[in-house]
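The exchange below takes a series of structural labels and asks, for each one, what justifies it. Please keep the coordinates at hand while reading.

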Amino acid sequence: QYPKAIHIFRFFNLYGPGQPGSFVIPTILNQWPTGCLRLGHLDRKRDYLSIEDALSAVDVVLDSSWEGFQIWNVGTGVPHSVRDIIDQVSRITGETVTVTQDIAQLRAEEGREEVADISKLASQGWTPEVSFEQGILQTYQHFLDNEPRNG
């Protein structure tokens with residue numbers, strides 16, 4: 001028997017505790033203790049979504065009565081820049097760092113702003129529950145609890 005629905009999820013910039021170091025938020029956290037960040041674009045905006053909210057969105061969709069082929073944008077609907085991430089980590093730590101834009105990390109093909117239209121998910125009663133500030137704090141706390149210690 002064929003399924004009643006096929007769901008495609010388009011996740012926008014997932015992040016959270018345990019994310020691999022090659023992504024921007026863990027890159028910032030890994031470099032933070034040095035007092036100097038080397039990053040690519042600082043002002044391009046992306047829709048950052050906590051992994052907790054991504055999982056809750058999937059639950060809502062799988063419990064829905066939608067049929068047929070469905071595409072779901074899963075994000076917050078609110079864009080943030082890399083500078084916003086840096087500012088948030090600075091608020092958490094009470095520290096400022098030097099930020100250097102690394103030309104080698106710039107990607108010409110990226111758009112200036114990417115944000116999810118989550119109206120279809122919202123029509124199912126779903127909204128993200130983890131704020132940007134709360135998500136960065138949770139990710140930072142996990143980083144502190146799991147970073148290798150010297151000595």
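Q: Why does Phe-11 count as partly exposed?

A: In this predicted model, Phe-11 has a relative accessibility of 35%, and because buried means under 20% and exposed means over 50%, a value in between makes Phe-11 partly exposed.

Q: What makes Phe-9 partly exposed?

A: The relative accessible area of Phe-9 is 22%, and since the label buried is kept for values under 20%, Phe-9 is classed as partly exposed.

Q: How many aromatic pairs are there by the ring-centre rule, and why is the pair of Phe-9 and Phe-11 called stacked?

A: The count comes to 3 aromatic pairs. One of them joins Phe-9 and Phe-11, with 5.8 Å centre to centre and 15 degrees between the planes; because a pair needs centres within 6.5 Å and stacking needs planes under 30 degrees apart, the label stacked follows for these two rings.

Q: Why is the pair of Tyr-15 and Tyr-48 called edge-to-face?

A: The ring centres of Tyr-15 and Tyr-48 are 6.5 Å apart, with the planes at 75 degrees, and because planes over 60 degrees apart count as edge-to-face, that is the label this pair receives.

Q: Which parts of the chain does the pair of Tyr-15 and Tyr-48 tie together?

A: Tyr-15 belongs to strand 2 (residues 14-15), while Tyr-48 is in the loop between strand 4 (45-47) and strand 5 (49-50), so the pair links parts that are 33 residues apart in sequence.

Q: How do you know whether Tyr-15 is buried or exposed, and what of Tyr-48?

A: The relative accessible area is 3% for Tyr-15 and 8% for Tyr-48; because buried means under 20%, Tyr-15 is buried, and Tyr-48 is buried as well.

Q: What makes Lys-120 a residue whose charged end sits over the ring of Trp-66, and how does Lys-120 lie with respect to Trp-72?

A: The charged end of Lys-120 is 4.9 Å from the centre of the Trp-66 ring, and Lys-120 also lies over the face of Trp-72, at 4.7 Å from the ring centre. The distance part of the criterion asks for NZ within 6 Å of the ring centre, a condition that the 4.9 Å for Trp-66 and the 4.7 Å for Trp-72 satisfy.

Q: Which elements stand at the edges of the open sheet with the order 7-4-9, and why are they edges?

A: The sheet is formed by 3 strands with mixed pairing. Strand 7 (79-81) and strand 9 (113-114) each have a single partner strand, so one side of each is left without a neighbour in the sheet.

Q: How do you know that strand 4 and strand 9 pair?

A: Two strands pair if at least two bridges are found between them, and strand 4 and strand 9 are joined in the parallel sense over 2 bridges, so the requirement is met. Arg-46 stands opposite Glu-114 in strand 9.

Q: What makes strand 3 and strand 8 a pair, and which residues form the covered face of strand 3?

A: Strand 3 and strand 8 (residues 98-101) run parallel over 4 bridges, and Leu-37 stands opposite Val-99 in strand 8. The covered face of strand 3 (residues 36-39) consists of Leu-37 and Leu-39, whereas Cys-36 and Arg-38 make up the uncovered one.

Note on methods:
Residues numbered from 1 in each chain as written. Predicted model: local features only at pLDDT ≥ 70, side-chain atom pairs only at ≥ 80, totals over all residues. Heavy atoms only, no water. Phe/Tyr/Trp six-rings, centres within 6.5 Å; stacked < 30°, edge-to-face > 60°. Buried < 20%, exposed > 50% of the residue type's maximum accessible area, 1.4 Å probe, protein only. Lys NZ or Arg CZ within 6 Å of the ring centre and 35° of its normal.
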